[in-house]
Structure formats: structure tokens, C-alpha cells
Amino acid sequence: MYGLGLIKGLGITLKNILFLQRRNTTQYPDRKASIIDLAKLDNKNFISYAFTNPMKTLKSMMGMIVISDKVDQHPRFRGEEFSWYEERCTGCASCAKFCPLGIIKIVTDQTGKNYAEGQNYDIETFDIDIGRCMFCGLCVEACPYDALHMGSGFEEGQYKRNDLVIDVERLKKAEKKPSTWFRPQLEQKDDYSPFDEEIAWDKVGRHQKPSKKDLKNKWIRK
Amino acid sequence: MISFNTLNLFLVDLLSFLPDKLVFTISGLIMSVAICTFLIGLGSVYTWFERRVIARFQNRSGPNRWGPFGILQPIADAVKLLIKEDIIPATADKMVFIAAPIIFLCTTLLVYAFLPLGIDSQLGNINVALLFVLGITSVNALSVFMAGWASRNKYATLGAIRAVAMLISYEVPMAISLMGIVMVSQSLSLVGIVNAQSNIPFIILQPLGAITFMIAAIAEMSRAPFDMIESESELIGGYITEYAGMKFAVFQLSEFLAPIFTASLFTVLFLGGSNPLKFLEFLPIPGILWFASKSFVITAILLWFRSTWPRLRIDQIMGFAWKVLMPAAILNTLLVGLELVFIRDNYILQIIINMLIFVVFIYLIANILGQKRLKLKEPVPSELANMDA
Amino acid sequence: MSLNSELVTINFGPQHPSMHGVFRLRVTLDGETIVDLEPVFGYLHRGTEKLAEERTYVQIVTLTDRLDYVASMSNNLAYVSAVEKLCNIEVPKRASYIRVIVAELQRIASHLMATGFLLNDLGAFGTPLMYCFREREKILDLFEILCGARITLSYMRPGGIFQDTPQEFWDDLELFLESMPNQIDELESLITGNEIVLSRTRDVGILTPEQVIDASLSGPMLRASSVKWDLRKANPYEIYDEIDFDVPIGATGDTFDRYLIRIKEMRESLKIITQCINLIKPGPVRNEDVPLIIRAPEGEAYVGIEGPKGELGFYLVSDGGISPYRCKIRAPSFINLTLLKEMTAGGKIGDLIVNFGSIDIVLGEVDR
Amino acid sequence: MTKSLNLNTVVQNLPDTLKQEVNTENGSLYVNSKYIFEICRELKNNNKFQFNYLKSISAVDYVEFFEVVYHLDSLITNTSLVLKSKLYGRDGNSINSVISVWKGADLQEREIWDLMGIFFEGHPNMKRILLWEGFKGHPLRKDFLK
């Protein structure tokens, strides 16, 4: 009969508002916590939580309490914060040659300080202009000595374009959180590891790997 | 129980030292300002409510940053719109361009003048309130056309043309569908209509009229699936394309007031207004709460429709008005007229007959319209291509 | 009596809510009826073909990501297939399977997006769009596990794929295959039977088989007009000849058929992925003989694959250098726009928007 | 599997008037640019070919000459053919349009005129498509900005 399709459609939307508590969106960088969220964090019933912590309850009712959720991020995620291992870099500039946009600038000096195999070069300049970087990862693929890794950050906003250029000092100082993009040895611990110490799975990416149960909750509807 | 009338009397008492005419003017003014302020506040809260509910239908969160559950969002919106640059297109007809949103808001607010929100709770009670409501809602078409025409924008003009065609068409079945309840209640006053429903709400007595009125009313306020006038994906914004800042806010406010108004009118006309539901009469709930909760249900249903259905095309919308809603409204009037002559006091029989006719009518319309549309042809591969060769 | 009326010319776009990017249509209207229509291209022209002449063969993979940015995997696949044909590179079997799996996942994602935006153009206020995006998000999650990016993937390399899949990918893919059929059912019961959708889309924008073949349309546009032509069957590439699937076709070639074809193709893609999972075996995923900087022999190669939007072809001419001498991209959504005027002239504005939505163009590919 | 047609059979099956206008060298079929329209019409309408689908038209700049490449497909017999036509000289190159044979040539020919500067005679709407009117030069040529 004509018109049944309309009613069926109404049923679908009703199902989505009534039975599915899963939201499609993630609040970023933080979200306003309700009492239920706070009680969940404390493993309490929200009514008893409201009685025991009246101030916090009031605050959360007024939308003043903020909690931040972690975004699932796979260790292969290629982002900013390039992890560069100074001792392994020979300054061969493969990365610079292979970059499609030509945004890597390397200047080397012959001092004989470097102890990796290959040529003995000291790196004076290593600029990566991430303002123009498209995170294709080809520089990592090109590096023959595993010296350059993609990072896992994505929050590197700056006020000036010049600040987006990562120079060698920043690369040296940066916290190393390499992405396993094109570095499968970081994923498989049995394999040959060029690192002195192995990097655990959860340290590779920025956030913890979601468990299979989490994924199930996320994807499969009851 | 506090009602508008007691408030009014209190005001009159307070001002009794003044001459009589002045007293009534001032007290009326105070009451209307209070009602208008309340409605505008309600309208802005409703924007939050609508956005939240539709967001939940779509598995999103909706506005949730300002205040608890984002309820302060309307204030943030208003502030943002207030401090926006007020742009009037160079070629626009300035007077008309500015007047259009004001007329729109005024007519929307004026509707509430004679709407009984509870027992003895209305600003005024005139004996032609229904006619007044029908008349004042027609002015919307004028203000929309003013806005679209004065903008000197092709999208706006197209929207305005659509608005005039559509709003005027839907006025007719809307008015005719109300004939039935006027005949039964023997009154054009809204209070009279509410009182006539103290036993049975008209939605049960005249389901055909109720559904015709509902559909026509959705079209009148141009909400989905009849949101032809703004139709974002086609005309960008229709008549509000060129509006910005506060003028835009006024338009938006009146548009968000429209569902509230429609819901209240539907409650008054078909759901028994502030009368309690029969089986819940024992509860000590004031009439205005009954009214509010009934209206709330209707607005929620409107939102549900809005978030589910796509939009009809302009010719389909016009065809629907004249080919389906008109016959339905006339049939309803005819039916009620005959029943009033023959079985005036037998409500049960009336309900049974009307329900039956309602179901049969819907079924017939659905089948006549539907049969050829629903059948899908069996695909036959064209001879012009042969993958396996 | 006749009314004195004039034709109105309106620019739909470049900024318009339903122009799918920066596209412009110059439309001549008689009231609500469309009299004439002229598409204006080029607002997103980035000169990809010229850029490709100055990049090495592997670097061009990153350019192809940005053509049809909702179906990067398919673009990658088409491009690397062309390079492989040009240089006679053999691809390991496992890589072929993985390529097919990701290409079909990408097809589902692209069709979901097309369906969602078609419904948005119909005026459904975003609900079907959000449901479609919810499912597409899962596919993007899968891609993130594979290659660390969600949109601009750069996953494939001439001679295979860049890196083998992690175990999590297979687990998640299993979950995805479990849930996806139900989701498509839900989407269908929201849309397919809906009378408003039916009345808006059926018998609107009808294209006959002769017309579509004459105008070189491809993909769902071609098949909706009951032309049974799918490059995956007609000219099987990768491992499609080992796999059993149907090619759905439409009956009338109207907008509704174009929508329905996409839904049916999603189901077929799920079938293909399931078969691939059963057939795939461990092994190398990248031809180790292929260097990073490829020096292609002199010659030329044209390879077309069945992308989500139609036949996506790369025509590469090499002069023996490290970058192609000429790289021509046969962009399906560009050529699918040929018949826009024939589809819409005589209809209403609403029909124009719906027809345009049913073509499923992506401006990155149209303007290149 | 799409078979590519044997070039010699193609030449043999063409009518005598057109036979001398095509030649095969380096494994591709070269067509005299003056006769491209007649040959394309023949390829589409002749029952032995039935090339009803124009896959793509591209143009390549070989500095001393331009090459216009037609990729044809027959959906009926699932065969394919590559036609090529050489155009000598840098300026004022023109070739007949095949739009009345296959409508699919419409946008592609405009694109080639825009980016490569080869004029298609007989095209009803021959103007720039991706770049704006008044753009100087044709960017896909090898001597652009050199």
C-alpha cells in the first residue's frame, strides 16, 4: 500500500533515537560531562553520586565540568611530530629528494662525527615545512637507514607560517613517538629491531589500541 | 488557580486610581508584553530543543557547549546574530526589506491573542477568534513575498513565488477542514470550541478533518516535507537568502515560533485544549500544563517527520493540496453536516462512521495514487553491450 | 490571454549547498521549469596532469589521492595498474587480493556518500546522510589501520602495496562484514520504499541505453540504463576473474535506478570481499624488484578500472625517463556530466538538483 | 577479457577510399588527420567493427608533432582499438571533431583544446573548459612557460 514506506521510515528514525545510545560523533577536544558520565568514572550509581558529591553535581548540571575522551588512533597513523634519530641519519638526503613537494631541506657538513654506516656527515640543517607537508610518508619510505619516522600528532596549529617549519633542534628535542607507517619492525617484536630498546605497542601510537570488545560495542548493534 | 483573568483583575485593581479606559489599556499592554516576551523566550528555547532532538535522530550530539545540555545556545546565537554586520543589498527595496521580518513576527505573535492557553487564560475572547486566526496566518504569505521581492535576488524571488503559490493553496483546505468543528461546536470562538470538546476531543470525532488540518498546517508553516519555500538544497534559503544579522534572527524566530503556534492551535481545535484526558481526570494537573504537554507531543511529532522525510517537488505539493486535501476537507464537512442532521446526539455512532470513512478514504487515496508508482519494472539487459563476448 | 513573462538566468554555484563542491551551472529558467543549462567547470583545476609530468612514478600516487578524494583507493589502483602495464611489473597474488578488498571497501564508502548526498539533495535534512556517514566512518577506520590515513591514503605502490596488513585489520573487517548488511537493510527501508523518494526520483532524468553509450557514460550511470557493462567482468583486472559476483542493472535509467544500482553494488562488493577473505593466502605483498625510482621503458599504456563512479582510466606515455612524458586521466565523473542537459531540460528545479546528485560527481576529479 | 583488434584486419575491412589514409607502424594505427571523422564514423557504423563507445580522447605533445589518441571500445563485441593521428606544426592545429559520431567526445575535446591547443572543427561549443576565457597559452604543451 502507498504510504507504508513513509511509516517504515518513521520507524527507523524512531529506533535510532530510542534504542541506540551510540552517538556518531566524538567531542573534541573535550566534552561537557553530565552526572551520569561522572558517576561512571567513579563506578557509582548516578543518584548516589549526586548525593555524595553535591557540588560536582551542581557544576556538571551547569555544564562546568569537562572531561576529554581519547580518540582511537592506530599506530600506523601518519601525522606530525616527525621522529628523527640523529645517530642513524647519514645526511644522504634521500628524504629530501623523494619528497613530492620538496619541503625537506638538508645541509650537511663534513666533520666525521657521525657513527652510522655510510658517509660521515654532520647535519647542520634539517628543515621540514609541515605547513606544506601532505603526510604521504614517502620520505620515510625513502630513508635507507630507518632514521626518519612519521609521528602521531595532529594538533600542531601555529599562529605564524614560519613556526610550522620544524628545524633540526626541534627534531632532536622532540619526544619520539614513531608511527609504524613503513616501519613494520615496530609492529613485530620477533623481527630484527634496529632500536636499542623495543617500543611497546601502546607507546607507538598516541593512544591505546582499542580492544576487540570495544570495537564490538562500537560497531555492532544489539 | 492562577489564570490570566485573575492576573488581569489584579492589575485592574492595582491601577484603579486611574480613569477606566486607561486602566484597561495599561493592563492589556502589560499582559501582552508579558505574553510576547514569554513567547519569544519560548521560541528561542525551542530552537535549542529542535536542534537537540534532530541531532539525536541523526546520532549526533547537537548543541551542548553552553550551559547544561547546551540550553544557553539560543543566547549565544542571539548575541552572535546581534553583533553581525547588518547587510542590506544595494539594489534592495529598503523599506519593504526591513518591514518584512517585522510583519512576519507580528503576525505570528498576534495569533496568540485569542488562543486559550488554559481555563480562563487568554488575552481576549472574541466570538470570531477562529476567523481571526485564519486571517492573520494568511498575512505570512504577504510578508514572505515582501521579503523575497524586496531582496532583488533571484533565489529569493523564486522562493517568494513558491511561497505565494503554496501558502494560498493550502489555506483553502485548512479553512474548509475546520468547518466540521465549527458546525459541531456551533461557535467560532476558540473558547467555545475548547468547551465543546469537554467530552470527546475532535480528533476522535473528526479524524479526517484533523489530519487534513495537520497536513495543511505543516505546509502553511513550510516545514518538511513541504519546506519548499526555503528548500536549502535548491534555493539556498529562499526568501531569507539576503537577510543577515538581526533581521535574519527575527525571521528565524518567527519560523521557530510557527511549530509552537501550530501545535497550540491543533491542541485547541482537535485535542481539547486545556481539558484533561478523560482517563486521567483525577490527577490534580492545571489546565495550562495539559495544554503544554499536548502541544509538546505535537511539536515532537512534527520534528520526527522533519528528520525522516525528504521534500516533495513543487508540482507534487500543489497537486496534493488540490487533489487530495481539498476532497478530504470537503468530504469531512459533508459528513459532519449529514451527521448533525440525522444522528446529532449519538456520538458513538458518529465516531464509528467517521473512523470508518477515514480509514476507507486513506486506503482509497493510497491505492489510487500508489499502485502504478510502487511497481518496479524487471530490468532487461540492453543488446548494445555484451560483457562475455 | 498570455502572460508577458521573461526567462531568468540563475547561477547555481560555485557556492551552492547542493553543487557537491565548487561547481557552477548556468541555468535558464521559465518560472520553475528549466529551459537551458550550461555547466561551467574549472574552479578546482589544479593541473594534475601537468604536475604528473614532473614527478617520479611513485610520487604520482600521492597526486591520485587527490583526484576523487572520496575514493582514493580506486584511484591508486588505476594508476599503479597503468604503471605496472607500462613497465611489465608483476604483482604478488596476496597484494592483488588486498587491492581488491580495499577497492571494494572504497566502492562501498563512495556509494554510501553518493546515496547520502542524493538524499540530502532531496531535502531529507541530513538524517540519511548521517546514517550513511556512520557506516562510511567504519571503512575509514579500517583504512586508518591499513595505512595510517583516512582520506589521502597513498596505499598502493607499483608492484604491490606498501606494507602488509596488520592482524587487527582482519578482525575489524570481519566485524564490519557482520554489521554492514543490516545497515544497508536499514538504509533501504528508510529510503527505497519511501513514497516521497519514489515520487521525486522515478521517471525523472531518464536516459536510454543508446544515449548513455553514445555519450561514453560509465559506472552506475551506464548500468542504471540497463546496459550490462562492468569492467570487472568485461576486462577482468587483478583477481576479479576468480570471483563470483553479479552486475546489477536498472530497468528504466531514471534517478531512482541510479540510486538502487548503488545499493545493489554495495551488496555485491560485500560478497566480493567475503570471497577474497576466503581465498587470500600469506605471501609477499610487494614486488621487491621494483625500485623506488622507476625508469619506465619507452612506450605507452592505457588501463581503465571500474571505479565507484565509472571507468577510471590512466593513459601513460613514457619516454624512458623517471617520470611519465604524458599522464592523461580519464575521469569518470567529468565525462558523466556530458548528458546533464538532456537529463534535466524540461524538468523543475527540484529535478535538476536530484539529477545532478544522482550523477555522483566529485569536483577533484571533474576539474583535476 | 577485452581483446584488442588486429590492426591489419582493421585496415582490410575499411572501404577502399579510406584504406590509403591509415597506416600501421610501431603497433599502432595512424590515421590521416583530415579523414579522422570519416574513419570514426566507419568504425562505429560498420558491422565488422561496431565501435559504439569512445573511452577517451587524449593528446600528447611530442614537440615536433601532436598526437591525438582515441581509445575506442565496442561494448557489443568486447574489443578495443587505439587510433592515433599526427598533427604537425605548433600553431593553428586543427582536426575534425567526432562529436557527431560519439557525443561523449564533447567535454574531452573541449578539454584538449583548452589544455593542449588543438582545435576541433565542427564542435558546436569549442571554448575553454577548465581555464578561463582569456588565459594565455595551453598549459599541457611542453613549451608552456619556457
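A salt bridge is taken here as a side-chain nitrogen of Lys or Arg within 4 Å of a carboxyl oxygen of Asp or Glu. In the predicted model analysed here, the side chains of Arg200(C) and Glu234(B) satisfy this criterion, with a nitrogen-to-oxygen distance of 3.5 Å. Across the interface of chain C and chain B, three salt bridges are found by the rule.

The contact between these two chains involves 57 residues of chain C and 40 residues of chain B. Together the chains bury about 4,000 Å², of which 62% lies on carbon and sulfur atoms. On the chain C side, the residues that lose the most area to chain B are Phe125(C), Ile196(C) and Arg202(C), which together account for 15% of what that side buries.

Chain C also contains an open sheet of three strands, arranged in the order E1-E2-E3 with antiparallel pairing. Its edges are formed by strand E1 (8–12) and strand E3 (33–40) of chain C, each of which pairs on one side only. Neighbouring strands of the sheet are turned against each other by 20° on average, when direction is ignored. Strand E2 of chain C, spanning residues 24–30, is joined to E3(C) in the antiparallel sense over seven bridges, and to E1(C), likewise antiparallel, by five bridges. Within the pairing of E2(C) and E3(C), Leu25(C) stands opposite Pro39(C), while Leu29(C) has Ile34(C) as its bridge partner. On the E1(C) side, Ile10(C) is matched by Val27(C) of E2(C). E2(C) and E3(C) form a hairpin with two residues between them, and in the turn Gly31(C) adopts a positive phi of about 70°. E2(C) is mostly covered, given that five of its seven residues are buried.

Two helices pack on this sheet, and they come from separate chains. Helix H6 of chain B (residues 154–177) touches E1 and E2 of chain C, and its direction makes about 110° with that of E1(C). Helix H14 of chain C (residues 349–359) touches E1, E2 and E3 of chain C, with a direction at about 155° to that of E2(C).

With regard to nonpolar packing, the largest core of the model comprises 206 residues, among which Phe126(A), Tyr155(C), Tyr70(D) and Leu83(D) touch the most other members. The element that gives the most to this core is helix H4 of chain C (residues 93–122), with 14 residues. For Tyr70(D), when neighbours within four places in sequence are left aside, the contacts include Ile36(D), Leu54(D) and Ile57(D), as well as Leu81(D), Val82(D), Leu83(D), Ile95(D), Val98(D) and Phe120(D); Ser56(D) and Asn96(D) are also in contact with Tyr70(D). A second, separate core consists of 91 residues, including Val111(B), Phe261(B), Leu265(B) and Ala321(B).

Technical notes: Residues are numbered from 1 along each chain as its sequence is written. Chains are lettered from A and ligands numbered from 1 in the order in which they are written. This is a predicted model: local features need pLDDT of at least 70, side-chain atom pairs count only at pLDDT 80 or more; totals for chains, interfaces and linings use all residues. Side-chain values use heavy atoms; hydrogens and water are left out. A nonpolar core is a set of buried Ala, Val, Leu, Ile, Met, Phe, Trp, Tyr and Cys residues joined through side-chain atoms within 4.5 Å. Buried means under 20% relative accessible area, exposed over 50%, partly exposed in between (1.4 Å probe, protein chains only). Helices (H or I, at least four residues) and strands (E, at least two) are DSSP runs, numbered from the N terminus. Contact means heavy atoms within 4.5 Å. Two strands pair if DSSP finds at least two bridges between them. Axes are lines fitted to C-alpha atoms, for helices over the stretch in contact, and angles run from 0 to 180 degrees between N-to-C directions. Buried area is the accessible area (1.4 Å probe) that two parts lose on being put together, summed over both.
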